[in-house]
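Reader: I'd like a close look at one part of this model, taken slowly. Could you walk me through a single strand and what surrounds it?

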Amino acid sequence: MGLVSAKDMLETARKEGYAVGQFNINNLEWTKAILTAAQEANSPVILGVSEGAARYMTGFDTVVGMVEGMLKNLDITVPVALHLDHGSFEGAKACIEAGFSSVMFDGSHYPIDENIEKTKEIVKYANERGISVEAEVGAIGGEEDGVVGTGEVADPQECKQIADLGVTMLAAGIGNIHGKYPDNWQGLSFDVLKEIQDITGQMPLVLHGGSGIPTDMIKEAISLGVSKINVNTELQLVFAEATRKYIEEGKDKVGKGFDPRKILKPGYERIIAGVKEKMDIFGSTNKA
Ligand SMILES: [Zn+2]
């Protein structure tokens, strides 16, 4: 199956009370690991790509070519969306041109009127091509690809204004943070989440910064309309840990242990396990 928009998978998840994971890719190993995990778990999946990660992989065309090639060569039959994470206005358009099936336009750093205008234009451009669109209201705390947000809680009225533009899914700050959560973190603002859900109706909501949020909070968020959860940092940590262990144990100095395919294998396997674990928690296992 080729790439699909995130619309159907998220609307089904919203209705059936589970969430689809967005897992960010960085290179071939990450992409292969996440697609393999999704197929083994029989779960829909969203591959997230930041503009920085896309530049690292030499550009949007390379990303599309690699992912489409893998869908074919790995015989992937579960629904897969290729999604731009925290896209700029120009970046979102360029991704759609290159063949992404879903984009996030993050206008949360603009004044609300400008966010509305720009989101409206991206929605029009994407709708004509069957591409799903995620918009964001209220910056999300921590680091967004080099941009540090202050972690505000979104204004439900502004969420309604953006939701009404015809976006597929909406990301709203509810006390969630990108990266590692600090020890003094206050937790998610479920009151605000409930308000946003009530005012936006059936709009699938997106929870960014899914790494390190306790499982009971994840489940409560899903019960309040969160249908997409972004995971990035947690997988980077387990990948780094497994790779470090391989080197520290001197395995690269034994036989052909220096082969890059061998060096990256433990981290690759940890990503597969980590993704499947998240799919179980989010409830998307066997929902493909
Ligand atoms: Zn994010």
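Author: Let's take strand β8, residues 169-172, which is covered on both faces. M169 and A171 sit on one side, L170 and A172 on the other, and all of them are buried. That split follows a general pattern: in a regular strand, side chains alternate between the two faces of the sheet. Keep in mind that this is a predicted model.

Now for the neighbours. Strand β5, residues 132-137, runs parallel to β8, and four bridges join the two. If you want a spot to click on, V137 stands opposite A172 of β8. β8 also pairs with strand β9, residues 205-207, again in the parallel sense, this time over two bridges. Here A171 has V206 of β9 as its bridge partner. To get from β8 to β9, the chain goes through helix α8, residues 190-200, and this β-α-β crossover is right-handed.

While you have the model open, there's a helix pair to look at too. Two packed helices are described by the angle between their axes and the distance between the axes. For helix α4 (residues 60-73) and helix α5 (residues 89-98), the axes come within 9 Å and cross at roughly 40°. Because of that angle, α4 counts as oblique to α5. The crossing of α4 past α5 is right-handed. On the α4 side the contact is made by F60, D61 and V64, and on the α5 side by A94, C95 and A98.

Terms used
Residues are numbered from 1 along each chain as its sequence is written. This is a predicted model: local features need pLDDT of at least 70, side-chain atom pairs count only at pLDDT 80 or more; totals for chains, interfaces and linings use all residues. A residue is buried if 20 or more other C-beta atoms lie within 10 Å of its own, exposed if 12 or fewer, and partly exposed in between; C-beta atoms are placed from the backbone. Two strands pair if DSSP finds at least two bridges between them. A crossover is right-handed if, with the strands pointing away from the viewer, the path from the first strand over the helix to the second runs clockwise. Axes are lines fitted to C-alpha atoms, for helices over the stretch in contact, and angles run from 0 to 180 degrees between N-to-C directions. Angles under 35 degrees count as roughly parallel, over 145 as roughly antiparallel, 65 to 115 as roughly perpendicular and the rest as oblique. A crossing is left-handed if the near helix is turned anticlockwise from the far one by less than a right angle, and right-handed if clockwise. Two residues are in contact if their C-beta atoms, placed from the backbone, lie within 7 Å.
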